[in-house]
Amino acid sequence: MALSQRLEFRQTQSLVMTPQLMQAIKLLQLSNLDLAAFVEDELEKNPLLDRASDNGEPPVAGETAADGSESANDFSQSGGDDAGGESSDFVEAGSASAFEPGTEEWMHRDLGSRSDIEQTLDTGMENVFPEEPAEAAARAAQDSAPASYTEWGGGASSDEGYNLEAFVAAETSLADHLAEQLAVAVTTPSQRLIGQYLIDLVDDAGYLPPDLGDAAERLGASSAEVEAVVHVLQTFDPPGICARNLSECLAIQLRERDRYDPAMQALVEHLDLLAKRDVASLRKICGVDDEDLVDMIGEIRHLDPKPGLKFGSSRVQTIVPDVFVRPGPDGGWLVELNSDTLPKVLVNQSYYSELSKTIRKDGDKSYFSDCLQNATWLVRALDQRARTILKVATEIVRQQDGFFTHGVKHLRPLNLKAVADAIQMHESTVSRVTANKYMATNRGTFELKYFFTASIASADGGEAHSAEAVRHQIRQLIDSEDPSAILSDDTIVDRLREAGIDIARRTVAKYREAMRIPSSVQRRRDKQNMLGTQSAAASRSRDTAPA
């Protein structure tokens, strides 16, 4: 086999992922909040990026000088125009010519110490320069120690550094709330150490771990000492805090209300039967009749199973839609972008032109050239992102026209490939565009991914049905069922097949569990208990009615 060297030309196609292309792809899947944070970061780093004005007009070139000289000149000119004679009077009063030569000499003379002055005048200073009562009180208050925190500078002040945000109350966390009560309730250092360690173990819902054996071992304390501190913590506010399970949490709250009698204790200890709606077993265990059991269950429902969520809960962020869909005058739909969510940035070309005339170093020229290139790319990438979102949203509205007109029942099955083929884009691009984007419609605000649902075959061979539309029909059937004739999953399958939907029983069960709808057995118990409660309330009202 002979070895030889030769040159060959080959033509291949490959996708080169430049850093700018990778960042442009990343911009597509950012939400409006993340995009605003990204643009703010770019505005801080790039001196050639400017924020567009609210009226959509670009900022005037040279409006604000980099060194602030122009702003200072404007201020002095406006000050001279506004102040008029006051400004000149101030300058004259502050000049050296305003003082008489005779009156100026004593300011530069060294008069000596207080004792020298008193010896020269042959009397005390208080006799020569007596203080007014207001001045004496002010001097005494100045010499005395501050009486409050605000006098140390922690509160209000009249200087320029006054900060109104200092008065905003910080959100109190659950750990801080418990630590404040621990400092008052416990005085022993060892118990305070154990209590602080247990407070750190409390979760967001306000529960301690079920097993505290590791805590006792780490602290080098006995289980009895740890248990004693736990009982102290369970007396803190809010009621039910520092419990180790749900039964203990409810028991603490019932003791706080003085309602923890033997019957209620039996009910709390058998919460599993209450979850199963096994009223007959609960009535037998508690030893009460139906009326008392209904009242006890009502008290349990008014308790807080997660008392710790009152503190340090995360704030709910309001969804800001990226796209608006409104009915058009011709019966169609108008799709437009939410301009409030689109960052408005401009490239300051005039500033770059001025810099290019004065910069001489190669390193500085390279830096500002890169800044200009990055700024230009960012503006184009933001524009392309907005156009892509609008194009995808418009195609979704066209595909799901029945949903906007008639509701969820007419939602069609849709996948990413159908939209990508219609707008001639890749499926991955459509997937990134629909991530973390929301559409405000006449039927509510939905995520763009909501309109992409799986298809379920039709029983008569017609058009397929959307999975979301099928779930909506299942919920409607269950909500409208008769309490005396609860629909089982098999019955729901038969009803759907009569409506032309070919679906399996396991699919109905899966959809029902995803919507957190209990089974037919539990629904029958719930509705029977509800009817029994209503009849008992009606009988009590008849008994208490005047004859």
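This report covers ring contacts, an internal cavity, cysteines, backbone features and a few positions in a predicted model.

Residues are numbered from 1 along each chain as its sequence is written, and side-chain values use heavy atoms, with hydrogens and water left out. Because the model is predicted, local features need pLDDT of at least 70 and side-chain atom pairs count only at pLDDT 80 or more, while totals for chains, interfaces and linings use all residues.

## Aromatic rings

A search of the whole structure turns up 10 aromatic pairs. Rings of Phe, Tyr and Trp (its six-membered ring) pair if their centres lie within 6.5 Å; planes under 30 degrees apart count as stacked, over 60 as edge-to-face and the rest as tilted.

One of the pairs joins Phe-403 and Phe-451. The two rings meet edge-to-face, 5.5 Å centre to centre, with 80° between the planes. Phe-403 lies in helix α20 (residues 401–406), and Phe-451 lies in the loop between β6 (444–447) and β7 (455–456), so the pair ties together parts that are 48 residues apart in sequence. Helices (H or I, at least four residues) and strands (E, at least two) are DSSP runs, numbered from the N terminus.

Are Phe-403 and Phe-451 buried or exposed? Both are buried. Here buried means under 20% relative accessible area, exposed over 50%, and partly exposed in between (1.4 Å probe, protein chains only). For Phe-451 the relative accessible area is 0%.

Phe-451 also pairs with Tyr-450. Their ring centres are 5.6 Å apart and their planes stand at 80°, so this pair is edge-to-face. Tyr-450 is partly exposed, with a relative accessible area of 21%. Ring pairs link Trp-333, Phe-403, Phe-404, Phe-446, Tyr-450 and Phe-451 into a cluster.

## Charges over rings

Two arginines sit over rings. The charged end of Arg-255 is over Tyr-260, 4.7 Å from the ring centre. The charged end of Arg-326 is over Phe-324, 4.9 Å from the ring centre. The rule asks for NZ of Lys or CZ of Arg within 6 Å of the ring centre and within 35 degrees of the ring normal.

## The cavity

Rolling a probe the size of a water molecule over the atoms shows where empty space is left. On a 1 Å grid over the protein atoms alone, a cavity is a set of points where a 1.4 Å probe fits but cannot get out; lining residues have an atom within 4 Å of a point. Grid points are joined across faces, edges and corners, and a volume is the space filled by probe spheres set on the points.

How many cavities of 30 Å³ or more are there? The count comes to 1. The largest cavity holds about 50 Å³ of space.

Its lining is made of Asn-32, Leu-35, Asp-322, Leu-337, Thr-341, Leu-342, Arg-385, Ala-386 and Ile-389. By class, the lining has 5 nonpolar, 2 polar and 2 charged residues. Ala, Val, Leu, Ile, Met, Phe, Trp, Tyr, Cys and Pro count as nonpolar, Asp, Glu, Lys and Arg as charged, and the others, Gly among them, as polar. Helices α2 (32–45) and α19 (362–399) each supply at least two lining residues. Helix α19 gives the most, with 3 residues.

## Cysteines and backbone

The structure holds 0 disulfides (a disulfide is a pair of cysteine sulfur atoms within 2.5 Å). Cys-286 is buried at 10% relative accessible area. Cys-371 is buried too, at 7%.

Most residues other than glycine have a negative phi, and most peptide bonds are trans. The peptide bond from Asp-237 to Pro-238 is cis, with omega near 0°. Pro-238 is in the loop between α12 (223–233) and α13 (246–256). Cys-242 lies in the loop between α12 and α13. Two non-glycine residues with positive phi are set out below.

| Residue | Phi | Loop | Relative accessible area |
|---|---|---|---|
| Cys-242 | about 65° | between α12 and α13 | 0%, buried |
| Gln-424 | about 60° | between α21 (416–423) and α22 (427–433) | 74%, exposed |

## Two further positions

Glu-299 lies in helix α17 (residues 290–301). Glu-299 is partly exposed, at 24% relative accessible area. Glu-299 and Arg-259 are 40 residues apart in sequence and 9.2 Å apart in space, C-alpha to C-alpha.

Ser-223 is in helix α12 and is exposed, at 54% relative accessibility. The C-alpha atoms of Ser-223 and Leu-212 are separated by 8.1 Å, with the residues 11 apart along the chain.

How values were computed. 1 Å grid on protein atoms, 1.4 Å probe; cavity = no way out; pocket = protein on both sides within 12 Å on 5 of 7 lines; lining within 4 Å.
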